[in-house]
Amino acid sequence: MRVKLMATLALLAATSAPHPALAAPREEAIKGAEAMIRELGGELKNDLTAAMEAGGPAQAIQVCVSVGQEKAVAVAARHPGRIHRVSLKLRNRENRPNELERRLLENMEADNAVGNLQPTYTVPFSEKGDEYLLVMKPIVTAPVCLSCHGTAATLHPDAVAPLAEHYPDDEATGYEVGQVRGAFSVAYPLN
Ligand code: HEC
């Protein structure tokens, strides 16, 4: 019975005009997840630029750390979903993606390589009997990011030492503008 329902849902999802009652949970999950991502990452570029101007890399490092750690916890506390930041090339091992997240990150990189990066990537999954929608949004490198994620030529001289001290196994350098640095990832409950 459940299998049959899933098959019906899959069929409906494939048609261009899904049944509103069945489409709603997915649409709600995407809306909820996007609100969480805006709260966590919406001001990242501005906040980083302001901190770089005010106190250089030493101050700006705290901004990027907070978004990945305590700010993410605070945003999740206000919503039903879970949120964190992930990448295929890690600076902080805590930001390691799971298998599903890894797959979507790989899709993002492949899409970006052919100029077809999508604003959002989603896939449903179940965990301990509950259904979730994984909603991921690519984080693309802007010029301000290169101070701490760039190549030897673009890394800020004052960033090199603190990064080496705090992240001895840092993989998150060598980036150029327009690459997928990582993604915001939300697991949002369906229904
Ligand atoms: C002043 C230094 C600095 C700048 C500028 C900076 N970052 Fe970071 N970034 C860090 C640090 C430090 C971490 C590790 C954070 C942590 O401990 O969770 C990090 C981690 C990340 C991560 C999480 C994945 C990982 O590697 O652990 C992403 C994604 C990321 N940065 C994206 C960006 C983007 C996009 C920009 C530009 C808009 C940017 N960063 C600018 C210092 C910086």
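This passage describes a four-stranded sheet, a helix packed against it and the surroundings of a ligand in a predicted model. Local features are reported where pLDDT is at least 70 and side-chain atom pairs count only at pLDDT 80 or more, whereas totals for chains, interfaces and linings use all residues. Residues are numbered from 1 along each chain as its sequence is written.

The sheet is open and its four strands follow the order S1-S4-S3-S2 with antiparallel pairing, where strands are DSSP runs (E, at least two residues) numbered from the N terminus and two strands pair if DSSP finds at least two bridges between them. Strands S1 (82–86) and S2 (121–127) stand at the edges with a single partner strand each, so that one side of each is left without a neighbour in the sheet. From one strand to the next the twist averages 25°, with axes taken as lines fitted to C-alpha atoms and angles running from 0 to 180 degrees between N-to-C directions. The antiparallel pairing of S1 with strand S4 (residues 180–189) extends over five bridges, and Ile 83 stands opposite Val 186 in S4.

Helix H5 (residues 99–113) belongs to the helices defined as DSSP runs of H or I with at least four residues. Its 15 residues should span 21 Å, taking 1.5 Å a residue, which agrees with the 21 Å between its end C-alpha atoms; the expected span is 1.5 Å times one less than the number of residues. Glu 101, Leu 104, Leu 105 and Met 108 of H5 are buried (20 or more other C-beta atoms within 10 Å of the residue's own, against 12 or fewer for exposed and values in between for partly exposed, with C-beta atoms placed from the backbone). These four residues cover an arc of only 105° around the axis, which puts them on the same side of H5. The face turned away from this buried side carries the exposed residues Glu 99, Ala 110 and Ala 113. The buried residues of H5 pack against S1, S2, strand S3 (130–140) and S4, contact requiring C-beta atoms within 7 Å. H5 is followed by Gly 115, whose phi is positive, near 70°.

The ligand is surrounded by 28 residues, the closest being Ala 60, Gly 68, Cys 145, Cys 148 and Gly 182, where a residue is near a molecule if its C-beta atom lies within 6 Å of it. Helix H3 (residues 44–68), helix H6 (146–149) and S4 each supply at least two residues of this shell, and H3 gives the most, with nine residues.

Note on methods. Arc of directions from axis to C-beta. Contact = placed C-beta atoms within 7 Å.
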